[in-house]
Amino acid sequence: MQIQIVVWGVYVLGALASRYFFGWNGRVAYLVIVGALILLFKRQLTLWLTHVASKYGMMKATIDTMPTTIALTRVPAPDAAAQPVVAELARAGFVSAGAWDIPPMPKIKLALMVHAGENFLAAIETAPSIGAQVNLHTLYGDGTVATYTNTRLPAPRALRPQVTYTRLPGLAPTALFAQARAGRRGDGIRPMSADDAPRIYEQLYADSIRYRKEKGI
């Protein structure tokens with residue numbers, strides 16, 4: 001959200017400046033052309049600015065405003081952007097664990113799925129600025145977590161010691177599943193069920209955000 005405010009704030013400042021450099025005709029041209037480009041490439045621009053902010057340690061303010069805990073609220077169906085991903089993972093053996101809202105973060109929609117045979121939790125997160133991304137989690141009896149993700153967002157600048165995080169930007173969901181199944185540690189995997197999925201997602205979020213707040217990253 002803050003990144004989008006920056007984008008439109010810069011756009012407005014540019015519109016004001018264009019009047020002085022190029023006159024009224026220049027301002028109109030700027031408003032039309034640059035506005036159209038922002039609308040066409042808003043997602044790519046948001047992702048690029050997020051990477052820049054992460055690289056230079058500018059995400060702390062965003063992390064500080066995020067809630068330390070969340071409580072998911074069930075909704076009737078997955079977000080439209082998640083539905084193709086849900087269908088693809090269903091063909092790979094995943095079953096639904098519900099569609100959810102995250103009340104403190106209303107722009108993010110969530111669909112959870114579980115592969116009981118392989119003990120994976122799939123969290124499909126969607127938002128207008130990023131589209132759909134998939135996080136595949138494996139939990140272990142010793143408290144460690146292996147996560148494979150196809151997000152295009154930057155990786156956290158530091159991770160909890162118990163977490164391994166493999167980022168494969170843009171990889172198709174079933175290919176991500178194949179990579180995760182082949183690459184994760186095979187011993188000590190905790191069983192996974194659809195009933196457990198919401199509670200596990202809430203705990204994974206809380207553990208991650210608490211660590212990032214403590215570290216200031």
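Colleague: What is the relative accessible area of R185?
Modeller: This is a predicted model, where local features need pLDDT of at least 70, side-chain atom pairs count only at pLDDT 80 or more, and totals for chains, interfaces and linings use all residues. Residues are numbered from 1 along each chain as its sequence is written, and side-chain values use heavy atoms, with hydrogens and water left out. Buried means under 20% relative accessible area, exposed over 50%, and partly exposed in between, with a 1.4 Å probe and protein chains only. R185 counts as partly exposed, at 35%.

Colleague: Which residue does R185 meet in a salt bridge?
Modeller: A salt bridge needs a side-chain nitrogen of Lys or Arg within 4 Å of a carboxyl oxygen of Asp or Glu. For R185, the N to O distance is 3.2 Å. The partner is partly exposed, at 49% relative accessibility. It is D187.

Colleague: How many residues apart in sequence are the parts that R181 and E118 tie together?
Modeller: R181 and E118 form a salt bridge, with their closest N and O atoms 3.7 Å apart. R181 lies in helix α5 and E118 in the loop between β3 and β4, so the bridge joins parts separated in sequence by 63 residues. Helices (H or I, at least four residues) and strands (E, at least two) are DSSP runs, numbered from the N terminus.

Colleague: Which residues are linked with R181 in a network of salt bridges?
Modeller: R181 is partly exposed, at 40% relative accessibility. E118 is partly exposed too, at 23%. The residues linked with R181 are E118 and R184.

Colleague: How wide an arc do the buried residues of α5 cover around the axis?
Modeller: In α5 (residues 173-183), P173, L176, F177 and A180 are buried. They sit on the same side of α5, because the arc, taken from the directions from the helix axis to the C-beta atoms, is only 100°.

Colleague: Which elements do the buried residues of α5 pack against?
Modeller: Packing here rests on contact, meaning heavy atoms within 4.5 Å. One helix and several strands take part. They are α4 (83-91), β3 (109-115), β4 (120-127), β5 (131-139) and β6 (145-149).

Colleague: Which strands stand at the edges of the sheet?
Modeller: Seven strands form an open sheet with mixed pairing, in the order β1-β2-β3-β4-β5-β6-β7. Two strands pair if DSSP finds at least two bridges between them. Each edge strand has a single partner, so one side of it is left without a neighbour in the sheet; the edge strands are β1 and β7.

Colleague: Which residue in β3 stands opposite V95?
Modeller: Strand β2 (residues 95-101) pairs with β3 in the antiparallel sense, over five bridges. Opposite V95 stands V114.

Colleague: What is the phi of N119?
Modeller: Most residues other than glycine have a negative phi. N119 sits in the loop between β3 and β4 and counts as buried, at 16% relative accessibility. Although N119 is not a glycine, its phi is positive, at about 60°.

Colleague: How far apart are the end C-alpha atoms of α6?
Modeller: Helix α6 (residues 197-215) has 19 residues. The expected span is 1.5 Å times one less than the number of residues, so it should be 27 Å. The model agrees: the end C-alpha atoms are apart by 27 Å.

Colleague: How far apart in space are P67 and P104, C-alpha to C-alpha?
Modeller: P67 is in the loop between α3 (60-65) and β1 (73-75). Leaving aside neighbours within four places in sequence, P67 is in contact with P104, Y205, I209 and K213. P67 and P104 are 37 residues apart in sequence, and their C-alpha distance is 7.0 Å.
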